[in-house]
Amino acid sequence: MRILKLKQIITQNCVQKMWILVLTLIIYGAAKEPVNIIFDTDFGPDCDDAGALAILHRFADLGEARILAMAISTSNPNGPAAIDAVNTYYGRPDIPIGTMEGSWKPDSPYTSTLADTNRYPSDIGHRDNVPTAVEVYRKALEAAPDSSVTFVVVGFMYNINPLINSEPDSISPLTGLELIKKKVKHYVGMDGFYPSGPGYNWIRSYELPKEFLEKWPTETLHSGQEIGEEIRTGGVLSGNDSIVNVNPVAMAYKIYQGAGRDRPSYDLTAVYLAVRGLGDSLWTRSEEGCNSANLNGENTWVPGDCGHYYIIRNADESVVEDTLDALMMQKPVPDSLKPDFNEVWPPLGISNKSELSYQAPKAVRQGRGFSLSLYLNNDAPVVTKIYTTGGSLVQTIDSGMQQKGMLHVTWAGTDSYGKIVKPGIYFIAFHLPDGIHMAKVSKLR
Ligand SMILES: [Ca+2]
Ligand SMILES: [Ca+2]
């Protein structure tokens, strides 16, 4: 997947009018139903949580994820505000944020800088202003469609066990465990060490992982400490001061690890897997097993029928690093071009093309329409369909069988009756054998 923002401002004094066109093109590799995400993070003791949050927003910008809520599993007084600063940077300032109850690891080298509103906008302030994680999660689960939520946990277990054990309240007549059974589809954790050993997040959660593994009712996927350790990312983001000055994630990496220096990608892998799953060739998973933990938080995985799986890396580490860095490096998509999940979408296929195998398309203004160039990795029949934002089909262009290489598709900016369409946003869907690749074109007058 790749984003290409192409801003062409073309001023033309001609007989009729002056046109200024701003074209923004987003190519999606995976135009499928977005994954509903609840993100639980210890944001502060390491900077990879910030990188993971950046990737989550990037997936939301691509229409692959819908972020329901998040909470912090430490008592860091600036933690919620630092998270809000990242959410605000990405244009999602109102995502509900909760905090753990009690006291645990209140310090961080970077959260006070991110929470400084003179540097990065946010509107939360001290952690005393935010609700508990349990309240935020119960509300988010209650509002979500049944069996639709993926829980991503990349920190300690100080919010998850309290959620499991929560009692019915004014938010829901269900217990926490009943709510999870009803609403959660999947659990992805960056937690232990696989197949067995001590993983930092779990040994610092002491007795809680044991209870969690005994009670949690859905299938679980575990990205162990050994997975993220080998994958180093973030340096490309923090090495550029013009990025650091506006992007709080880049600042977190700069303060924590030093400008231009990579950090292991523990939490990034969990977010990546939660949204994209195992569809691409980067990872595979273990056979089904039973994961258990002792009272020190050390886990042991053995083959069995408990629905617990752990991750095994398939691709070379440099491929995974480039994929994650590419996601982190993308700028936020402007509000006007964010995916609108209320839109009626045409049925879309699924593509699992990797981020890097896809070559960026080009768009150039041509008369009142557009010439779109797309690189084909193989010979393929190509049908291009243009939709309104409401999902109505505007025009179908059948290009027939095309040879491998650069393909040029011209859309004259007309509907199927030859009538010029109004300025506005249009979706262009390239139907290829490996899926449907979406482009979004914005034409402003
Ligand atoms: Ca906010
Ligand atoms: Ca973490």
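Among contacts in the chain between residues at least 6 apart in sequence, what percentage join residues at least 24 apart? The figure is 77%. The model on display is predicted. With the whole chain shown, the secondary structure amounts to 14 helices and 22 strands. Of the 445 residues, 48% count as buried.

**First stop: helix α1**

Select residues 48-61, which form helix α1. The end C-alpha atoms of α1 lie 20 Å apart, in agreement with the 20 Å that its 14 residues should span at 1.5 Å a residue. Helix α1 is mostly covered, with 14 of its 14 residues buried. Now move just past the end of α1 to Gly 63, where phi is positive, at about 80°.

**Second stop: the packing of α1 and α14**

Keep α1 in view and add residues 317-329, helix α14. Two packed helices are described by the angle between their axes and the distance between the axes. Here the angle is about 70° and the axes are 8 Å apart. An angle from 65 to 115 degrees counts as roughly perpendicular, and α1 and α14 are therefore roughly perpendicular to each other. To see the contact itself, display Gly 51, Ala 54, Ile 55 and Arg 58 on α1, together with Leu 324, Leu 327 and Met 328 on α14. By type, the residues of this contact comprise five nonpolar, one polar and one charged. An α-helix has 3.6 residues a turn, so residues three or four places apart point the same way.

**Third stop: the surroundings of α14**

Hide α1 for a moment and examine α14 by itself. Its 13 residues reach 18 Å from the first C-alpha to the last, close to the 18 Å expected at 1.5 Å a residue. The buried residues in α14 are Val 320, Glu 321, Thr 323, Leu 324, Asp 325, Leu 327 and Met 328. To see what they pack against, restore α1 and add β10 (232-233), α10 (235-238), α12 (248-257), α13 (266-276) and β15 (308-313).

**Fourth stop: helix α2**

Select residues 79-89, helix α2. Is this helix enclosed by the rest of the structure or exposed? Eleven of its eleven residues are buried, so α2 is largely enclosed. Among these buried residues are Gly 79, Pro 80, Asp 84, Asn 87 and Tyr 89. The elements that cover them include α1, β4 (65-72), β5 (97-99), α3 (111-114) and α12. Just after α2, select Gly 91, which takes a positive phi of about 80°.

**Fifth stop: strands β8, β13 and β14**

Select β13 (residues 289-293) and β14, the latter at residues 299-303. These two strands pair in the antiparallel sense over five bridges, and Ala 293 stands opposite Asn 299 in β14. Next add strand β8, residues 196-197, which runs antiparallel to β14 and is joined to it by two bridges. Within this pairing, Ser 196 has Thr 300 of β14 as its bridge partner.

**Last stop: the loop between β13 and β14**

Finally, turn to the hairpin of β13 and β14, which has five residues between its strands. Gly 297 in this hairpin has a positive phi near 80°. Asn 296 is also found in the loop. Which residues does Asn 296 touch, not counting those up to four places away in sequence? They are Ile 203 and Tyr 206. Select Glu 207 as well: its C-alpha atom is 5.9 Å from that of Asn 296, although the two residues are 89 residues apart along the chain. Asn 296 has 14 other C-beta atoms within 10 Å and is partly exposed.

Key:
Residues numbered from 1 in each chain as written. Chains lettered and ligands numbered in written order. Predicted model: local features only at pLDDT ≥ 70, side-chain atom pairs only at ≥ 80, totals over all residues. Axes fitted to C-alpha atoms, helices over the stretch in contact; angles between N-to-C directions. Helix = DSSP H or I, 4+ residues; strand = E, 2+ residues; numbered from the N terminus. Parallel < 35°, antiparallel > 145°, perpendicular 65-115°, else oblique. Contact = placed C-beta atoms within 7 Å. Nonpolar A, V, L, I, M, F, W, Y, C, P; charged D, E, K, R; others polar. Pairing = 2+ DSSP bridges. Buried ≥ 20, exposed ≤ 12 C-beta atoms within 10 Å, placed from the backbone. Expected span 1.5 Å × (residues − 1).
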